[in-house]
Amino acid sequence: MGCKNCCSICLQCLFGYETNVMLVINNKGVGALFRLIQFMIIAYVAVYVCWIQRAYQDTDSVISSVSTKVKGNILTNTSIEGVHVWDVPEYVIPPQGEKSFFVLTNVIPTPGQTQSKCPEIPSEVTKCESDSDCIEGHTEVHGNGVQTGHCVQYSDTIKTCEVHAWCPLENDTIIPKPALLGAAEHFTVLIKNNIQYPKFNFRKRNLLHHINSTYLKNCTFDRKTDPHCPIFRLGHMVTEAGEDFSVMALKGGIIGILIDWNCDLEFPERFCIPKYSFSRLDNKNPENNVAPGYNFRFAKYYKNNKSIETRTLIKAFGIRFDVIVFGMAGKFNIVPTIVNLGAALACLSLVTAICDWVMLTCMKDRDQYAKRKFIHLNQNGDSVPLVSKSFKQFILYVHFFFFYAKLDLL
């Protein structure tokens with residue numbers, strides 16, 4: 001009998017046709033639940049989907065180009081070079097970077113180097129007692145040249161292996177304090193940024209319409225008084241990134257200049273303006289402070305009085321500024337609007353399914369509701385209520401299955 005009833009139910013579902021019947025139930029609990037879920041879904045769609053996510057818009061990612069121009073001069077007076085004026089071609093290396101620029105802040109110079117022989121800098125692997133400790137032609141990964149096979153005097157108490165190298169060798173153990181070019185914090189940089197959103201045929205640059213030559217000669221970026229000025233003082237950017245310029249200038253680092261071009265193109269073009277922020281990008285972890293800062297080496301070559309090729313080796317410390325441009329633009333489009341509207345309507349249809357489940361499984365009068373909820377009309381035109389518990393559950397499962405299938409299609 002059980003198998004026969006099951007087959008009968010399956011046949012009714014397979015070959016039967018369902019149509020909605022309006023059944024009004026005066027139950028405050030179910031009614032309150034129905035309105036509460038409806039309100040939550042409508043609030044979610046209105047606040048999160050439409051207002052926050054702007055799901056009714058089509059979007060596009062920003063494409064940009066950046067160029068920079070640094071200005072400033074510094075006078076230094078050292079025992080090695082004497083009085084020296086540093087200008088832009090000397091301290092901006094290289095002259096043009098790819099969305100970045102480097103400003104020299106500290107140096108360890110080694111002047112007068114020539115190709116010759118000299119004792120290696122003392123270390124665990126370069127110290128020696130006799131020539132047998134040195135291997136001719138051997139090079140150390142962290143060394144400065146190629147060993148000659150001789151052990152020579154480095155100082156009164158220390159011997160090291162002799163090397164073919166640019167001599168005298170660099171000694172970078174002592175970093176100048178304060179930074180030699182610490183006054184670079186007063187330098188300024190002009191950042192020119194052009195952006196476009198190809199999908200919307202929208203182009204703009206950070207030199208806004210009200211900016212002219214007179215304004216550029218007198219303005220410097222300030223978040224309160226001049227938030228749209230494209231000229232930035234280096235020290236101000238480092239300070240906004242939460243760093244001390246005089247400390248950072250000693251060993252260098254990397255600062256990110258973030259330009260945010262998030263725009264809602266529903267509004268006029270004048271409302272699409274860049275927002276600037278600054279952040280330190282290199283690692284500054286006091287618990288793992290291995291190889292801190294930012295540095296590299298370069299050399300200046302010349303011929304001395306004896307026409308021997310000579311160079312000045314410079315270990316350069318400085319701050320690299322990376323210009324990072326990002327943003328999204330949105331504009332109304334009928335396709336995402338229809339898709340999200342359909343998804344919202346599908347979610348609203350879930351409310352009825354939930355309330356039906358509560359009404360038919362949790363309410364005291366669930367059997368009375370079931371008699372009027374599920375009615376079978378036979379071929380004679382007689383309506384017969386289907387109150388079988390198994391049939392009710394089966395029908396509910398079918399309803400939920402088709403509902404979620406509809407959601408997946410959306």
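Okay, let's start with a contact: R320 and D322 bring their side chains together in a salt bridge, 2.9 Å from N to O. R320 is partly exposed, at 25% relative accessible area, while D322 comes out as buried, at 13%. The cut-off for buried is under 20%, so D322 makes it in and R320 doesn't. Before I go on, keep in mind that this is a predicted model, so everything I quote is computed from the predicted atoms.

How many salt bridges does a search of the whole structure find? The search gives 11. I'll pick out a couple more of them.

Take R54 and D264. Their side chains meet in a salt bridge at 3.2 Å, again N to O. This pair links distant parts of the chain: R54 is in the loop between α2 (28-52) and β1, D264 is in strand β12, and they are 210 residues apart. Is D264 buried or exposed? At 17% relative accessibility, D264 counts as buried. R54, on the other hand, has 33% and counts as partly exposed.

Next up, D172 and R297. The closest N and O atoms of this salt bridge are 3.0 Å apart. D172 sits in the loop between β7 (159-167) and β8 (188-197), and R297 is in strand β14, residues 295-303, so the pair ties together parts that are 125 residues apart in sequence. D172 is partly exposed at 26% relative accessible area, and R297 is partly exposed too, at 42%. These two also belong to something with more members: a network of salt bridges links E170, D172, R297 and K315.

Now the strands. Remember β12, where D264 sits? That strand is part of an open sheet of three strands, in the order β1-β16-β12, with mixed pairing. Why do β1 and β12 have a side without a neighbour in the sheet? Because β1 (57-61) and β12 (263-264) are the edge strands, and each has a single partner strand. In general, strands of a sheet pair through backbone hydrogen bonds, either parallel or antiparallel. Here β1 and β16, residues 328-332, run antiparallel and are joined by five bridges. If you want a spot to click on, T59 stands opposite G330 in β16.

There's another antiparallel pair to look at: β3, residues 74-78, with β4, residues 82-86, also over five bridges. What joins β3 to β4? A hairpin does, through three residues. In that pairing, T78 has G82 in β4 as its bridge partner.

Last topic, the surface. Which residues gather in the patch of positive charge? They are K69, K71, K192 and R205. K69 is in strand β2, residues 63-71, and K69 counts as partly exposed, with 47% relative accessibility.

Then there's a nonpolar patch on the surface, about 570 Å², made by Y44, V47, Y48, W51 and I52. I52 belongs to helix α2, and α2 is the helix that comes before the loop holding R54. That takes us back to the R54 and D264 salt bridge, and through D264 to strand β12, at an edge of the open sheet.

That's my tour. Questions?

Terms used: Residues numbered from 1 in each chain as written. Predicted model: local features only at pLDDT ≥ 70, side-chain atom pairs only at ≥ 80, totals over all residues. Heavy atoms only, no water. Patch = residues over 30% accessible without salt bridge, like charges linked within 9 Å, V, L, I, M, F, W, Y side chains within 5 Å. Areas by Shrake-Rupley, 256 points an atom, 1.4 Å probe, with all protein chains shown as cover. Salt bridge = Lys/Arg side-chain N within 4 Å of Asp/Glu carboxyl O. Lys, Arg positive; Asp, Glu negative; His and termini not counted. Charge placed at Lys NZ, Arg CZ, Asp CG, Glu CD. Helix = DSSP H or I, 4+ residues; strand = E, 2+ residues; numbered from the N terminus. Buried < 20%, exposed > 50% of the residue type's maximum accessible area, 1.4 Å probe, protein only. Pairing = 2+ DSSP bridges.
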